[in-house]
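Colleague: Could you take me through one part of this model at close range? I would like to see how the helices pack and what sits around the ligand.

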Amino acid sequence: MSDRSASSADPALAGVSRDTLAVRGGEGEYLVQGATQVPVVYSAAFGYPDVDAWLAVAQGRAPGHIYSRNTNPTNHAFEEKVRVLEGAEAATSFATGMAAISNALFALLAPGDHVVSVKDTYGGTNQMFVDFLPRLGITVDLCDTSDHEEIETVIARGCQVVYLETPTNPTLKVLDIARLAAAAHEARAVVLADNTFATPINQNPLELGADLVIHSATKFLGGHADALGGVVCGDPGLVAKAYHYREITGASLDPMAAYLLLRGMKTLGLRIARQNESALRIARWLDERPEVAAVYYPGLESHVHHDVAARQMRGYGGVLSFMLEGGFEAVRRVLPKLRLAHRAANLGAVETVAGPPATTSHVECSPEEREAMGIPEGLIRYSVGIEDAGDLVADLEQALAAV
Ligand SMILES: Cc1ncc(COP(=O)(O)O)c(C=O)c1O
């Protein structure tokens with residue numbers, strides 16, 4: 001775990017932009033012996049010949065590491081980079097995004113508690129709400145994602161946690177974080193926000209009132225689809241609870257994955273700028289196509305929450321989805337024709353990735369559950385990579401001929 005008091009805030013980085021923080025942030029104290037890169041520290045434990053020094057670290061009175069299930073130097077540098085990018089006071093890492101989400105929820109909730117969230121969160125998160133939490137006697141209300149008044153009304157009835165994800169996966173709906181955080185705080189609830197789709201380059205939920213921000217670092221943060229990871233950052237007391245839960249239950253980040261995520265994050269600013277621009281261009285192009293029944297992208301002026309997105313986001317992100325005329329049969333025909341997109345269950349990578357929710361984000365759900373969540377079977381989620389946008393448009397054009 002990292003918090004501001006335990007880590008050296010690098011004076012050289014005071015006042016620099018997020019793009020610069022992505023390159024240099026969080027690394028300072030780990031650039032040892034002139035290294036320009038943070039090393040992978042593969043050591044299960046850390047030794048202290050002096051018992052008093054050991055005790056001071058073990059009791060949290062001095063910075064340092066005891067055992068890598070708890071903290072590790074490479075993981076700490078990764079936590080620090082995300083922490084400074086999100087403007088958080090504390091951060092802690094996890095083996096995956098789902099470990100971050102589940103550990104944060106388990107750490108904050110107890111039997112009898114109530115959670116308010118929305119219908120179309122990521123499929124794994126939805127399973128927490130409809131299966132794992134109810135098994136522990138924790139009740140969950142899942143509101144219509146587009147109806148802020150309903151969400152506010154349900155929050156006002158009382159809850160301990162308000163869980164937001166925006167933009168949502170895979171229909172790219174947008175929640176007004178400031179508005180819902182105000183309603184949650186009125187009800188004395190803690191606000192968690194999954195910022196995976198937006199990334200800290202495009203949106204900072206803590207500035208808008210969230211108490212904790214969660215990322216699947218597997219996606220845009222790492223950006224190269226070669227490492228899994230998750231992170232929770234924000235209020236130090238709440239982060240400490242999530243850290244303690246992970247420290248005991250053990251879903252810790254592997255230091256090699258932390259190294260790959262750190263390396264990937266150096267180009268975060270460049271990648272997101274490119275992906276924002278290309279996704280908007282592709283969304284506009286798809287919007288004009290007769291084979292496409294609907295395009296979901298918050299950057300389109302026609303998007304139902306474009307005004308909220310324009311207020312709280314600096315860019316609209318690299319993921320869009322679109323519905324083909326002809327439903328799932330059309331998806332079956334078009335997807336195999338794509339030459340420049342991996343057909344895979346991932347997003348946020350430098351390579352373009354496409355797939356239907358039935359095999360990607362909502363594979364855990366039945367067609368009926370997807371229907372109830374407002375996810376059409378004819379939808380394709382399209383995560384724009386850093387390839388030339390003109391090449392991607394040409395690729396989509398030849399594939400759409402199969403509709
Ligand atoms: C928005 C969102 N949050 C969380 C997750 C879970 O992340 P991970 O696969 O790293 O466990 C995903 C995965 O697709 C996601 O899209």
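Modeller: Happy to; here is a walk through the ligand site, the helix pairs and a few backbone details. Please keep in mind that this is a predicted model.

Let's begin at the ligand. It is surrounded by 14 residues, and the closest are Gly 97, Met 98, Asp 194, Ser 216 and Thr 218. Three side chains deserve a look here. In Asp 194, an N or O atom of the side chain is 2.7 Å from a nitrogen atom of the ligand. Ser 216 places a polar side-chain atom 2.8 Å from an oxygen atom of the ligand. For Thr 218, an N or O atom of the side chain is 2.7 Å from an oxygen atom of the ligand.

Met 98 is a good place to move on from, since this residue is among the closest to the ligand and also takes part in the meeting of helices H4 and H5. H4 covers residues 97-108 and H5 covers residues 123-135; the two pack at an angle of about 35°, and their axes are 10 Å apart. Their crossing is right-handed. On the H4 side you will find Met 98, Ile 101, Ser 102, Leu 105 and Phe 106, which meet Gly 124, Thr 125, Met 128, Phe 129, Phe 132 and Leu 133 of H5. Sorted by class, this contact has eight nonpolar and three polar residues, with no charged ones.

Now turn to H3 (residues 73-86) and H10 (residues 255-265). These helices also pack at about 35°, with 8 Å between their axes, and here the crossing is left-handed. H3 contributes Thr 74, Asn 75, Ala 77, Phe 78, Lys 81, Val 82 and Leu 85, while H10 brings Pro 255, Ala 258, Tyr 259, Leu 261, Leu 262 and Met 265. Ten residues of this contact are nonpolar, two are polar and one is charged.

The third pair is H6 (residues 148-156) with H7 (residues 177-186). Their axes come within 9 Å and cross at roughly 15°, so H6 is roughly parallel to H7. This crossing is right-handed. The residues that make the contact are His 148, Glu 149, Ile 151, Glu 152 and Ile 155 from H6, along with Arg 179, Leu 180, Ala 183 and Ala 184 from H7. They divide into five nonpolar, one polar and three charged.

While you are beside H7, have a look at the loop between strand E5 (161-165) and that helix, where Pro 167 has its place. The peptide bond that joins Thr 166 and Pro 167 is cis, with omega of about -10°. Pro 170 lies in the loop between E5 and H7 as well, and the bond from Asn 169 to Pro 170 is cis too, with omega near 10°.

One last backbone detail is at Gln 33, in the loop between helix H1 (18-24) and helix H2 (51-58). Gln 33 is not a glycine, yet has a positive phi of about 55°. As background for these details, most residues other than glycine have a negative phi, and most peptide bonds are trans.

Technical notes: Residues are numbered from 1 along each chain as its sequence is written. This is a predicted model: local features need pLDDT of at least 70, side-chain atom pairs count only at pLDDT 80 or more; totals for chains, interfaces and linings use all residues. Side-chain values use heavy atoms; hydrogens and water are left out. Axes are lines fitted to C-alpha atoms, for helices over the stretch in contact, and angles run from 0 to 180 degrees between N-to-C directions. Helices (H or I, at least four residues) and strands (E, at least two) are DSSP runs, numbered from the N terminus. Angles under 35 degrees count as roughly parallel, over 145 as roughly antiparallel, 65 to 115 as roughly perpendicular and the rest as oblique. A crossing is left-handed if the near helix is turned anticlockwise from the far one by less than a right angle, and right-handed if clockwise. Contact means heavy atoms within 4.5 Å. Ala, Val, Leu, Ile, Met, Phe, Trp, Tyr, Cys and Pro count as nonpolar, Asp, Glu, Lys and Arg as charged, and the others, Gly among them, as polar. A residue is near a molecule or strand if one of its heavy atoms lies within 4 Å of it. A polar contact is a pair of N or O atoms within 3.5 Å; within protein, one must be able to donate a hydrogen and the other to accept it, and residues adjacent in sequence count only if both atoms are side-chain atoms.
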